[in-house]
Amino acid sequence: MRRAGRMVAEILEMLREKVRPGVTTLQLDQLAEKQCIEWKARPAFKGYGGFPFTICASPNNQVVHGFANQDPLQEGDIISIDFGLIIDGFFGDSAVTIPVGKIDDATIQLLQVTQDSLKCGIAAALPGGHLSDISSAIQTCVEKDGFSVVREFVGHGIGRQLHEEPQIANYGVQGRGPKLKDGMTFAIEPMVNVGLPGVKVLEDGWTAVTIDGKQSAHFEHTIAITENGPEILTCLDR
Ligand code: MG
Ligand code: MG
């Protein structure tokens with residue numbers, strides 16, 4: 001899983017470097033797929049439940065599961081990219097939200113809070129704790145700054161399958177759910193809205209957008225719980 005996670009992180013970093021006004025999400029999708037093929041890894045999302053792309057590309061008011069397309073990204077946009085792969089029988093799954101050129105201060109804060117909430121969630125993934133300690137840490141971090149946690153989508157166990165038990169909500173009270181143990185591997189993924197927490201799914205059956213049309217951000221890491229605490233598998237510098 002370290003190997004899978006490292007590959008996911010490297011591909012997301014490669015995509016991050018390409019993001020600028022004028023680039024299309026279809027170009028990013030094709031880059032990610034090409035790199036998977038080169039590394040003999042298989043994209044995890046393409047074909048999953050019929051999902052048609054290698055990355056989920058969700059700009060601005062799209063929350064998750066957006067389709068890559070040929071619309072050029074514009075200065076001031078944000079683009080969430082969710083990406084996973086399987087190599088040697090194990091999955092890695094991670095997401096980042098990237099600014100396109102210069103973004104306004106409120107949007108900078110949205111990205112910062114979402115990323116901070118992921119860090120808080122990961123820091124709560126300690127052996128001996130409970131699953132909902134992660135959920136509670138995320139919700140507390142998001143709501144202290146007046147942002148909203150999306151309820152409809154959750155983090156998940158991950159390993160030999162992309163989505164395993166348990167589901168990991170991004171809200172809740174501490175001390176509930178299974179006890180956390182050394183060796184568990186999770187994908188933790190807060191989705192945070194500027195406005196209302198509600199989402200709706202578009203007619204394509206996949207693209208989730210905010211109910212009020214305001215912006216949303218998404219960050220995700222695959223982590224392992226070790227006896228020394230959480231280890232992030234999907235980052236370049238552990
Ligand atoms: Mg993901
Ligand atoms: Mg995931």
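Helices (H or I, at least four residues) and strands (E, at least two) are DSSP runs, numbered from the N terminus. The close-up views below show a predicted model.

**View 1. A salt bridge within helix H1 joins Glu 10 and Arg 6.** The closest N and O atoms of Glu 10 and Arg 6 are 2.8 Å apart. Because Glu 10 and Arg 6 are 4 residues apart in helix H1, about one helical turn separates them. Glu 10 is partly exposed, its relative accessible area being 29%. Arg 6 likewise counts as partly exposed, at 36% relative accessibility. The structure holds 7 salt bridges, one of which is this pair.

**View 2. A salt bridge between Arg 2 and Glu 231 links distant parts of the chain.** The side chains of Arg 2 and Glu 231 meet at 2.6 Å, N to O. Arg 2 lies in helix H1 (residues 2-18) and Glu 231 in strand E15, 229 residues apart. Arg 2 counts as partly exposed at 49% relative accessibility, whereas Glu 231, at 17%, counts as buried. Since buried means under 20% relative accessible area, the value of 17% places Glu 231 in the buried class.

**View 3. Strands E14 and E15 form a hairpin.** Strand E14 (residues 221-226) and strand E15 (residues 229-232) run antiparallel and are joined by 4 bridges. Between E14 and E15 there are 2 residues. Ala 224 stands opposite Glu 231 in E15. Glu 231 is also the residue whose side chain meets that of Arg 2 in a salt bridge.

**View 4. Asp 82, Asp 93 and Glu 220 supply the protein donors of the magnesium ion (ligand 1).** Asp 82 is listed with two OD donors, Asp 93 with an OD donor and Glu 220 with an OE donor, all lying 2.0 to 2.6 Å from the ion. The spacing of these donor residues in sequence is D-x10-D-x126-E. Distant parts of the chain are linked here: Asp 82 is in strand E4 (residues 78-87), and Glu 220 is in the loop between strand E13 (216-218) and E14, 138 residues apart. Both Asp 82 and Glu 220 are buried. The magnesium ion (ligand 2) is 3.1 Å from the magnesium ion (ligand 1), and Asp 93 coordinates both.

**View 5. Ser 94 in strand E5 makes a polar contact with the backbone of Glu 220.** Strand E5 spans residues 90-99 and includes Ser 94. A polar atom of the Ser 94 side chain lies 2.7 Å from the backbone oxygen of Glu 220. The relative accessible area of Ser 94 is 2%, so Ser 94 is buried. Leaving aside residues up to four places away in sequence, Ser 94 touches Val 8, Leu 12, Ile 81, Asp 82, Phe 83, Glu 220, His 221 and Thr 234. Two of these residues, Asp 82 and Glu 220, are also donors to the magnesium ion (ligand 1).

**View 6. Helix H4 is largely enclosed by the rest of the structure.** This description holds because 11 of the 14 residues of H4 are buried. Among the buried residues are Leu 131, Ile 134, Ala 137, Ile 138, Cys 141 and Val 142, together with polar residues including Ser 132, Asp 133 and Gln 139. The cover over the buried residues of H4 includes helix H3 (105-123), strand E6 (148-149), strand E8 (164-168), strand E9 (185-188) and strand E10 (191-193). Helix H4 (residues 131-144) should span 20 Å at 1.5 Å a residue, and its end C-alpha atoms are 21 Å apart, which agrees.

**View 7. The stretch around the end of helix H4 contains a salt bridge between Asp 145 and Lys 144.** The side chains of Asp 145 and Lys 144 meet at 3.0 Å, N to O. Lys 144 is exposed, with a relative accessible area of 56%, whereas Asp 145 is partly exposed, at 35%. Gly 146, which follows H4, has a positive phi near 85°.

**View 8. Strands E6, E10 and E13 form an open sheet.** The 3 strands have the order E6-E10-E13, with antiparallel pairing. E6 and E13 stand at the edges, each with a single partner strand, so one side of each is left without a neighbour in the sheet. E10 and E13 are joined by 3 bridges, and Asn 193 stands opposite Ser 216 in E13. E6 and E10 are also among the elements that cover the buried residues of H4.

Conventions
Residues are numbered from 1 along each chain as its sequence is written. Chains are lettered from A and ligands numbered from 1 in the order in which they are written. This is a predicted model: local features need pLDDT of at least 70, side-chain atom pairs count only at pLDDT 80 or more; totals for chains, interfaces and linings use all residues. Side-chain values use heavy atoms; hydrogens and water are left out. Two strands pair if DSSP finds at least two bridges between them. Donors are N, O and S atoms within 2.8 Å of the metal (3.2 Å for Na, K and Ca); water is not among the atoms, so sites may look incomplete. Buried means under 20% relative accessible area, exposed over 50%, partly exposed in between (1.4 Å probe, protein chains only). The expected span of a helix is 1.5 Å times one less than its number of residues. Contact means heavy atoms within 4.5 Å. A polar contact is a pair of N or O atoms within 3.5 Å; within protein, one must be able to donate a hydrogen and the other to accept it, and residues adjacent in sequence count only if both atoms are side-chain atoms. A salt bridge is a side-chain nitrogen of Lys or Arg within 4 Å of a carboxyl oxygen of Asp or Glu.
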